[in-house]
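Here's a quick walk through a few spots in this protein, with the strands up front and some surface residues after that. Have the model open while you read.

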Amino acid sequence: MAAAVVLRDKPTELARAYGNRSTDISAQALVRIIGGLRAGVDIGRFAPDIFPGTDDSTPQLGDIFTDVDAPGLNAQPTYVYRSVFVDLDTRNRRGNPSRGAHWLVSFGAWNDLSLEQFDYQRFDLEGAHFIPLAPTRHVLALHGILAFVNNRIDDRVPFYAFPSVGGSDTVRGFQEFRFRDENILVLNAEYRFDVLKFLELAAFVDAGEARHHWGEIGFGGLRTSYGGGLRVKSEKTVFARLDVATGGGEGTHVYMKFGKSF
């Protein structure tokens, strides 16, 4: 897996490439509470491996950052993790919703078994609302993500555990993983219109930010972009989408993906 990272939300820094392989063995217990409300727990063992990236056009992460700036760059531990989550889903169709909502909240703890340097916790909140407009072929889709990771005393958060902003699932006017830090906020709004039974057009606005300190998260420094998209779908699911975004000050970005945006 290839990725890129900018730490501490430095707009003047070029993204740095790195490779990432991992082994993740986990077990999940899930219980349905009532209707679309579910809760569960994940328990697993996670072993990451970081190595130089394969994109020659992007400088390597180690060219500018050290293990001090990018914790976990020099050595990666083996983790045991535990997380709990609550999932509320009232969408009329999971793959192509036109009404309802989907909320997911989770909290997990990762314990470093081998190096005893990288114990951390992570919290994630993600929600989406789908509002049908008249006529029914028009839908307003709203989406948000709030996430943070935090290290235990005398430990550090590995850089690859940071949530990210940028790319096809967050702020589409920036490249994948463009900004990455311990705290992120992402907001998306899409107007969706079925021009044909199997073809949908979309106009969207995205906003987001990545910050080192939780108190810096807010609406004043959001990075924004806008664009349009084309989706191929059936009544129940979106098979593929093409999104074109700009407005972030870093050119135009085109994403072709399988499945819905959110």
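Strand 12 and strand 13 (residues 238-246) run antiparallel, with eight bridges joining them. One pairing to look up is lysine 233, whose bridge partner in strand 13 is valine 238. The two strands make a hairpin, and four residues sit between strand 12 and strand 13. Keep in mind that this is a predicted model.

Strand 12 has another antiparallel pairing, this time with strand 11 (residues 199-211), over ten bridges. Here aspartate 206 has serine 225, in strand 12, as its bridge partner.

Here are the two strand pairings side by side:

| Strand pair | Sense | Bridges |
|---|---|---|
| Strand 11 (residues 199-211) and strand 12 (residues 223-233) | antiparallel | ten |
| Strand 12 and strand 13 (residues 238-246) | antiparallel | eight |

Now for some side chains. Leucine 88 is part of strand 4 (residues 79-89). Is leucine 88 buried, partly exposed or exposed? Its relative accessibility is 37%, so leucine 88 counts as partly exposed, given that this class runs between under 20% for buried and over 50% for exposed. Beyond its neighbours within four places in sequence, leucine 88 touches Gly36, Leu37, Ala101, His102 and Trp103. As for isoleucine 33, its C-alpha atom is 9.9 Å from that of leucine 88, with the two 55 residues apart along the chain.

Isoleucine 131 belongs to strand 6 (residues 120-133), and because its relative accessibility is 35%, isoleucine 131 is partly exposed as well. On the surface, Ile131 joins Leu133, Leu142 and Tyr191 in a nonpolar patch, and together they have about 290 Å² of accessible area.

Key: Residues are numbered from 1 along each chain as its sequence is written. This is a predicted model: local features need pLDDT of at least 70, side-chain atom pairs count only at pLDDT 80 or more; totals for chains, interfaces and linings use all residues. Side-chain values use heavy atoms; hydrogens and water are left out. Buried means under 20% relative accessible area, exposed over 50%, partly exposed in between (1.4 Å probe, protein chains only). Contact means heavy atoms within 4.5 Å. Patches are made of residues with over 30% relative accessible area and no salt bridge: like charges are joined within 9 Å, nonpolar side chains (Val, Leu, Ile, Met, Phe, Trp, Tyr) within 5 Å. Accessible areas come from the Shrake-Rupley method with a 1.4 Å probe; for residues, only the protein chains shown count as cover. A salt bridge is a side-chain nitrogen of Lys or Arg within 4 Å of a carboxyl oxygen of Asp or Glu. Two strands pair if DSSP finds at least two bridges between them.
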